[in-house]
Amino acid sequence: MSWNDAHGAAMIAAAQAHAALGTASGEYVDVFAAMGSAGVEVVGRALGGLLGLYVDRSAGGPACLLNTGLEEVAMRHTVAHELGHHRMGHGTSIDHEEQSSGRWGEGWPQHEKEAEAFASWFLMPRPAARAALAQCGLRRPESPVDVYRMARWLGTPYATTVRHLVRLKMIDRSAEAMWLKHSPASLKADLTSGLPLGPHAHAHVLTAAAHDALLHVAAGDCLLLDVPSAVFDPLPCGLMPVPPGDGSQLPLPDLVPRQRAVAWVDEDMAGDTRVTATTHAADVFRVTLRRTPGREGSDAFWA
């Protein structure tokens, strides 16, 4: 089976899954809740080089074993992949790191191609991709940084997002080839201008177009306010004006000019948290932050 054939089948299966499971297709997709709606038990454990495991009914499922050693975005993609196995009627399947989203190959068997394509179409249906563009204040992605920013609203891996934008006809193959040469780490460094950011943390750019939006974040993530003349109001519990760890050791010239336009998510954030900013004209910008929960254990993260 070619990748084109796999995407054709997966696009239909993903749309049917959204309808059957009642998941929203025009915003951030809660794939863990979708697994619960599908009746698939999810168990999270640290699994080394194993990404995930789908167990079909004949082997005692449906169930999914998820590697919680992955960062949140990779876990989301892996769970969507396992949901693809379930929705597309595949048998028990083990997914290893060499089958990760960044290493596609024509040697993959049919069921793996279908599940991988399903993950992209389920997490990034066209309405959700358009909503992410709008929240970035963009009409089309014009650079790798634009795709990285979109991926933060979608909760998807950078390379997978680049590839899927070709399927959505938002970029062409030449852009795909060039943009895949960029790493998320280099794009984060460009966005933050060298501010400290952990290897698994993300940078989220907040423009005026994101007013009243809901943003999913993890501890250590960095918020970059890009609203003209706006500065953050006093930060609520769970947000810090300096990075975790040794942020207080930053040289003052590096931090002071930006301290009211940058914030970091702290381990203390619990529940939905609203952050606001005010412009020189007294206009108010606000966004609600939802911190991703722990994934260790069984089914504790369906809600």
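Here is a friendly set of questions and answers about this predicted model.

Me: Which strands stand at the edges of the open sheet with the order S6-S12-S11-S8?
Reply: This open sheet has four strands, and their pairing is mixed. An edge strand here is one that pairs on one side only. The two that fit are strand S6 (214-217) and strand S8 (231-232).

Me: Which residue in S12 is the bridge partner of His216?
Reply: S6 and S12 run parallel and are joined by four bridges. One pairing to look for is that of His216. Its partner in S12 is Arg290.

Me: Arg290 has a salt bridge too, so to speak; which residue forms it with Arg290?
Reply: Arg290 sits in strand S12, and the other residue of the pair sits in the loop between S10 and S11, 18 residues apart. The closest N and O atoms are 2.8 Å apart, within the 4 Å that a salt bridge allows. The residue is Asp272.

Me: Are Asp272 and Arg290 buried, exposed or partly exposed?
Reply: Buried means under 20% relative accessible area and exposed means over 50%. Asp272 has 45%, and Arg290 has 35%. Because both values fall in between, Asp272 and Arg290 are partly exposed.

Me: How many residues apart in sequence are the parts tied together by Arg295 and Glu72?
Reply: Arg295 forms a salt bridge with Glu72, with the closest N and O atoms 2.6 Å apart. Both residues are buried. Arg295 lies in the loop between S12 and strand S13 (297-298), while Glu72 lies in helix H3 (residues 72-87), so the pair ties together parts whose separation in sequence is 223 residues.

Me: Which helix holds both Arg173 and Glu176?
Reply: The side chains of Arg173 and Glu176 meet in a salt bridge, at 2.9 Å from N to O. Arg173 is partly exposed at 47% relative accessibility, whereas Glu176 is buried at 11%. The two residues are three apart, about one turn of the helix, and that helix is H8 (residues 173-179).

Me: How many salt bridges does the structure have by this rule?
Reply: Among them are the pairs Arg295 with Glu72, Arg173 with Glu176 and Asp272 with Arg290. The full count comes to five.

Me: Which helix gives the largest share of the lining of the largest cavity?
Reply: The structure holds one cavity of 30 Å³ or more, and about 30 Å³ of space lies in the largest cavity. Its lining is made of Cys136, Arg149, Arg152, Trp153, His204, Val205 and Leu215. Two elements give two or more residues to this lining, helix H6 (144-154) and S5. The largest share, three residues, comes from H6.

Me: How many of the eleven residues in H6 are buried?
Reply: H6 is mostly covered. Its buried residues include Arg149, Arg152 and Trp153, which also line the largest cavity. The number of buried residues in H6 is ten.

Me: Why does Cys237 have no bond to Cys222?
Reply: A disulfide needs two cysteine sulfur atoms within 2.5 Å. Cys222 holds the sulfur closest to that of Cys237. The two are too far apart for a bond because the distance is 18 Å.

Me: Which strands stand at the edges of the sheet in the order S5-S7-S10-S9?
Reply: Four strands form this open sheet, with mixed pairing. Each edge strand has a single partner strand, so one side of each is left without a neighbour in the sheet. The edge strands are S5 and strand S9 (239-240).

Me: Which residue in S10 is the bridge partner of Met240?
Reply: S9 and strand S10 (residues 262-265) run antiparallel, and two bridges join them. In S10, the partner of Met240 is Trp264.

Me: Where is Pro62 found?
Reply: The peptide bond from Gly61 to Pro62 is cis, with omega near 10 degrees. Pro62 itself is found in the loop between strand S2 (50-55) and strand S3 (63-67).

Me: Is Ala282 buried or exposed?
Reply: Ala282 lies in the loop between strand S11 (273-278) and strand S12 (284-291). Its phi is near 70 degrees, a positive value in a residue other than glycine. With a relative accessibility of 55%, Ala282 counts as exposed.

Terms used:
Residues numbered from 1 in each chain as written. Predicted model: local features only at pLDDT ≥ 70, side-chain atom pairs only at ≥ 80, totals over all residues. Heavy atoms only, no water. Buried < 20%, exposed > 50% of the residue type's maximum accessible area, 1.4 Å probe, protein only. Pairing = 2+ DSSP bridges. 1 Å grid on protein atoms, 1.4 Å probe; cavity = no way out; pocket = protein on both sides within 12 Å on 5 of 7 lines; lining within 4 Å. Points joined across faces, edges and corners; volume = space filled by probe spheres on them.
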